[in-house]
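Welcome! Take a moment to look over the sequence and the model, and then work through the exercises at your own pace.

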Amino acid sequence: MYNLDAQIGLRNHPAPPAFFKGFLDVDYFYARDANISPDFVVSAQKFQDFWKLAGNAPVAGIWAMDTYVLQELLSVLGPIKTGGYDQPFDQNNVVERMETYANVLLKEQAGRKDLIGELMNSIMGKAFTASQKDYPKLISAAVKLLAQKHILLSFNNSGVQAIVSKYNLSGQVIPYIGDYLYVNDGNFGGMKANWFVTEQISKTTTVDNGKLHSVVTINYQNPGAYNVNWNTGYKDIVRVYVPQGSKLLSSSGSVTPVTAADELGKAYFLASVLVKPDGGTASLTFTYTLPSTISSTGAYKLLIQKQPGTGATPVTVSTNGKTQKVTLETDQEITANL
């Protein structure tokens with residue numbers, strides 16, 4: 001990633017997106033920040049813009065995967081030995097060991113993240129030579145990881161992409177007729193504090209004078225101990241996506257002024273929190289009206305989209321006093337009567 005930015009050259013980088021220039025002390029938009037969009041296909045296209053800017057040949061598409069993929073594959077394949085590393089990598093130690101080599105032991109050194117490629121080559125080699133009895137487990141793991149958005153697929157071929165999008169495998173922001181919620185967190189503080197932070201979301205919707213009002217509350221807790229390499233505090237830039245036409249009435253808890261804007265066919269509210277280690281907490285609340293296109297009588301539908309790359313998040317939905325609880329491992333559709 002850093003080699004790509006170096007190939008482009010500092011003066012050839014575009015200006016950074018306006019919304020995060022105030023959060024990151026940067027004057028340019030770098031390839032390493034290309035995944036800023038909550039829609040993976042948009043982020044993948046932006047990365048390809050950087051790829052071409054560096055003079056590289058076109059690619060057929062981009063796949064993304066997170067550390068849950070490594071852990072799941074190693075749970076099926078067993079420990080892996082690679083390169084000059086004496087201790088095998090397994091599902092319990094792989095993430096911490098990769099980060100330790102890349103960001104602590106080899107910090108500021110060239111090739112500090114080479115282990116990622118070496119490890120993936122070893123895993124693919126073991127997968128391709130695995131016993132036939134392991135194939136059903138590997139297929140089941142892949143299906144699970146795709147459904148839970150730990151693997152994302154983006155193709156430049158429009159026909160292939162249409163199929164992938166149809167089955168919701170691209171991490172896209174979905175058009176939806178009804179109420180909608182997508183909480184997107186971004187760790188702008190560096191380090192790995194998001195490893196430790198837990199999150200709970202609640203959404204309460206009521207009918208008031210023929211209009212639908214919603215209150216979304218997001219509670220954060222950082223039980224991890226202070227660590228200069230991993231957890232100096234969670235600096236989270238939060239974007240809450242709701243139906244286009246929603247109007248923000250009030251908010252609380254943000255350490256920066258809350259703003260509202262539109263993109264990707266949705267309205268969104270932009271805020272930030274700082275969740276300190278050693279048990280620190282933070283809470284964000286947004287009160288808003290829903291657009292008149294969402295009926296305040298009869299059947300009510302809500303789509304909650306899961307943010308790719310995250311674990312299971314508990315969500316409580318209350319509609320006119322009736323409460324439903326879900327665990328957000330995949331996108332969830334909730335129905336109720338108003």
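Below are five exercises, each with a worked solution.

This is a predicted model, in which local features need pLDDT of at least 70 and side-chain atom pairs count only at pLDDT 80 or more, while totals for chains, interfaces and linings use all residues. Residues are numbered from 1 along each chain as its sequence is written, and side-chain values use heavy atoms, with hydrogens and water left out.

**Exercise 1. Describe the overall size and cover of the protein.**

Step 1: Begin with the radius of gyration, taken over C-alpha atoms; the globule rule is 2.2 Å times the number of residues to the power 0.38. For 338 residues a compact globule would have a value near 20 Å, and the protein's 21 Å agrees with that.

Step 2: Now picture a box along the principal axes: the C-alpha atoms fill roughly 70 × 50 × 45 Å.

Step 3: Turn to the cover. Of the 338 residues, 43% are buried (buried means under 20% relative accessible area, exposed over 50%, partly exposed in between, with a 1.4 Å probe and protein chains only).

Step 4: Finish with contacts, meaning heavy atoms within 4.5 Å. Among contacts with a separation of 6 or more, 66% are between residues 24 or more positions apart.

**Exercise 2. Count the secondary structure elements, then trace the open sheet of 6 strands.**

Step 1: The protein has 8 helices and 14 strands. Both are DSSP runs numbered from the N terminus: helices are H or I with at least four residues, strands are E with at least two.

Step 2: Strands of a sheet pair through backbone hydrogen bonds, either parallel or antiparallel. Here, two strands pair if DSSP finds at least two bridges between them.

Step 3: Follow the order β8-β9-β6-β3-β11-β14, an open sheet with mixed pairing. Strands β8 (259-263) and β14 (332-337) each have a single partner strand, so one side of each is left without a neighbour in the sheet.

Step 4: Zoom in on one edge. Strand β8 runs antiparallel to β9 (residues 266-275), joined by 5 bridges, and D262 faces A267 of β9.

**Exercise 3. Which aromatic residues form a cluster with Y182?**

Step 1: Rings of Phe, Tyr and Trp (its six-membered ring) pair if their centres lie within 6.5 Å; planes under 30 degrees apart count as stacked, over 60 as edge-to-face and the rest as tilted. The structure holds 9 such pairs.

Step 2: One of them is Y182 with Y241, a tilted pair at 5.8 Å centre to centre and 35 degrees between the planes. Since Y182 sits in β3 (residues 179-187) and Y241 in β6 (residues 234-243), the pair ties together parts that are 59 residues apart in sequence.

Step 3: Both of these tyrosines, Y182 and Y241, are buried. Ring pairs link Y182 and Y241 with Y268, and that is the cluster.

**Exercise 4. Find the partners of strand β10.**

Step 1: Strand β10 (residues 280-289) is mostly covered, with 7 of its 10 residues buried.

Step 2: Strand β5 (residues 211-222) runs antiparallel to β10 over 10 bridges, and here S214 stands opposite Y288.

Step 3: Strand β7 (residues 247-252) also pairs with β10 in the antiparallel sense, through 5 bridges. L248 has Y288 as its bridge partner.

**Exercise 5. Describe the hairpin of β12 and β13.**

Step 1: Strands β12 (residues 313-319) and β13 (residues 322-328) run antiparallel and are joined by 7 bridges. For example, V317 is partnered by Q324 of β13.

Step 2: The hairpin has 2 residues between its strands, and N320 in the turn has a positive phi of about 50 degrees.
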